[in-house]
Amino acid sequence: MSKEFFPQRPDSKPTIYAYEDTNPQYKGLLKIGYTTVDVQARVAQQYPTARPGKLPYKIILEESAMRNDGRVFTDREVHCFLRSKKIKNPKGEWYECSVKEVKAAVIAIRTGQMSEENRFVLFRAIM
């Protein structure tokens with residue numbers, strides 16, 4: 001089979017992740033991001049000052065960012081999806097939502113479908 005007919009999968013592991021910051025000012029917010037490296041390593045890069053004790057964050061979601069057809073999607077599409085659902089986005093990549101809502105967004109984008117009260121409707125991701 002020819003490579004030109006099928007998109008080649010990247011060597012990296014594209015991942016959508018979400019984490020909670022334990023600082024009280026971030027209570028109720030999730031940071032949603034994208035990485036092609038280990039999620040723990042990526043989130044640790046966002047907290048450059050090492051401090052003793054518990055980590056200042058908790059990773060609560062790691063999901064593949066590969067569509068069923070092999071194409072990659074990023075956190076931008078997840079952000080657009082969440083905003084289309086009227087989920088508040090007070091700043092940057094932080095959202096007032098549940099991990100369940102983030103996971104639903106990822107699944108909808110990955111499969112091209114959106115779940116609505118036990119039925120499926122075709123969905124086209126906002127680019």
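**Helix α2, the nonpolar cores and K103**

In helix α2, the residues D75, E77, V78, H79, C80, F81 and L82 are buried, and in this predicted model the helix is accordingly mostly covered, with seven of its ten residues buried. Beyond the end of α2 comes K86, a residue whose phi is positive, near 65°.

Two of the buried α2 residues, V78 and L82, reappear in the largest nonpolar core, which has 18 residues and in which I16, I32, F73, V78, L82, C97 and V102 touch the most other members. The elements that contribute two or more residues to this core are the strands β1 (15-21) and β2 (30-35) together with α2 (75-84) and α3, and of these it is α3 that gives the most, with five residues. A second core, separate from the one just described and made up of eight residues, includes Y17, V43, I59 and W94.

C97 shows how parts of the chain that lie apart in sequence meet in space: once its neighbours within four places in sequence are set aside, C97 is in contact with G28, L30, I32, L82, I87 and V102.

Helix α3, which spans residues 99-111, also holds K103. Is K103 buried, exposed or partly exposed? K103 counts as partly exposed because its relative accessibility is 37%, a value that lies between the 20% limit for buried residues and the 50% limit for exposed ones. Apart from neighbours within four places in sequence, K103 is in contact with L61 and E63; the C-alpha atoms of K103 and E63 are separated by 7.7 Å, although these residues are 40 residues apart along the chain.

How values were computed: Residues numbered from 1 in each chain as written. Predicted model: local features only at pLDDT ≥ 70, side-chain atom pairs only at ≥ 80, totals over all residues. Heavy atoms only, no water. Helix = DSSP H or I, 4+ residues; strand = E, 2+ residues; numbered from the N terminus. Buried < 20%, exposed > 50% of the residue type's maximum accessible area, 1.4 Å probe, protein only. Contact = heavy atoms within 4.5 Å. Core = buried A, V, L, I, M, F, W, Y, C linked by side-chain atoms within 4.5 Å.
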